[in-house]
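Here's a quick briefing to read alongside the model. Have the sequence and the 3D view open as you go.

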Amino acid sequence: MGSIGDIYKIVQTAFNQTQAIEVQAFIFDLQTKINELQAQTSDLKEQNLNAKSDLQEKIFQYQQQIVELQKIIDQQKREIADALDWKKTKSEYNFDDRLGIWIHKTTSKPFCPKCFDRKAETPLRGSNHNGIYYCPVCNLGF
Ligand SMILES: [Zn+2]
């Protein structure tokens with residue numbers, strides 16, 4: 001196959017049968033190259049789409065991880081706030097070692113130690129069970 005320069009020379013002059021075949025062959029080769037390039041372009045497009053899809057998938061995964069981490073952080077913040085609140089609440093009580101119950105410092109009212117373990121403040125009532133007091137939630141005497 002001739003160079004494109006040769007082909008131009010041929011087509012700019014009146015050409016014979018042999019030259020016509022050469023031009024035809026050149027055009028055929030060009031078409032083949034164009035087809036190859038189109039196939040390569042198509043491959044590159046597909047690769048780009050795959051790469052884009054992979055990136056989008058990764059971005060989506062990272063976004064999900066961020067959401068999960070944010071949930072954990074929020075939960076930990078709540079737990080810390082609750083722990084601080086409970087610490088403050090607990091500081092308002094003294095533990096009565098003799099009775100094994102909590103006594104409110106200001107009101108001197110008795111509170112259930114079992115409920116305290118669950119971070120709940122349940123006032124004890126005068127007992128009609130075994131002990132001096134009983135808890136209406138735990139139904140235990142103290
Ligand atoms: Zn209780």
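S108 is a good place to start: it counts as exposed because just 8 other C-beta atoms lie within 10 Å, and the cut-off for exposed is 12 or fewer. Keep in mind that this is a predicted model. From S108 we can work outwards to the sheet, the core and the overall layout.

**S108 and its loop**
- S108 sits in the loop that links strand 2 and strand 3.
- Its phi is positive, about 60°, even though S108 is not a glycine.
- That loop is the turn of a hairpin: strand 2 and strand 3 have five residues between them.

**The sheet**
- Three strands make an open sheet in the order 1-2-3, and the pairing is antiparallel.
- Strand 1 (93–96) and strand 3 (110–111) are the edge strands, each pairing on one side only.
- Strand 1 and strand 2 are held by four bridges in the antiparallel sense, with D96 standing opposite I101 of strand 2.
- These two strands also form a hairpin, this one with four residues between them, and G100 in its turn has a positive phi of about 70°.
- On the other side, strand 2 (residues 101–104) runs antiparallel to strand 3 and is joined to it by two bridges.
- Which residues of strand 3 partner W102 and I103? W102 bridges to F111, while I103 has P110 as its bridge partner.

**The core**
- In general, nonpolar side chains of soluble globular proteins tend to be buried together.
- Here the largest nonpolar core has seven residues: I101, W102, F111, C112, L124, C135 and F142.
- The W102–F111 bridge pair belongs to this core.
- What does L124 touch, leaving aside neighbours within four places in sequence? L124 is in contact with I101, P110, F111, C112, Y133, Y134, C135 and F142.
- Overall, 6% of the 142 residues count as buried.

**Another positive phi**
- K119 has a positive phi of about 60° and, like S108, is not a glycine.
- You'll find K119 in the loop between helix 3 (113–117) and strand 4 (125–126).
- K119 is exposed because 12 other C-beta atoms lie within 10 Å, and the cut-off for exposed is 12 or fewer.

**The helix and the distance across**
- Q40 lies in helix 2, which covers residues 17–90.
- Q40 has 10 other C-beta atoms within 10 Å, so it is exposed.
- Q40 and G131 are 91 residues apart along the chain, and their C-alpha atoms are separated by 89 Å.

**Overall layout**
- The protein has three helices and five strands, running α-α-β-β-β-α-β-β from the N terminus on.
- It is divided into domain 1 (4–66) and domain 2 (92–134), and the centres of the two, taken over C-alpha atoms, are 86 Å apart.
- The radius of gyration is 44 Å, against near 14 Å for a compact globule of 142 residues.
- Along the principal axes, the C-alpha atoms fill a box of roughly 125 × 25 × 15 Å.
- Among contacts with a separation of 6 or more, 18% are between residues 24 or more positions apart.

Notes: Residues are numbered from 1 along each chain as its sequence is written. This is a predicted model: local features need pLDDT of at least 70, side-chain atom pairs count only at pLDDT 80 or more; totals for chains, interfaces and linings use all residues. A nonpolar core is a set of buried Ala, Val, Leu, Ile, Met, Phe, Trp, Tyr and Cys residues joined through C-beta atoms within 7 Å. A residue is buried if 20 or more other C-beta atoms lie within 10 Å of its own, exposed if 12 or fewer, and partly exposed in between; C-beta atoms are placed from the backbone. Two residues are in contact if their C-beta atoms, placed from the backbone, lie within 7 Å. Domain bounds come from an automatic or database domain assignment. The radius of gyration is taken over C-alpha atoms; the globule rule is 2.2 Å times the number of residues to the power 0.38. Two strands pair if DSSP finds at least two bridges between them.
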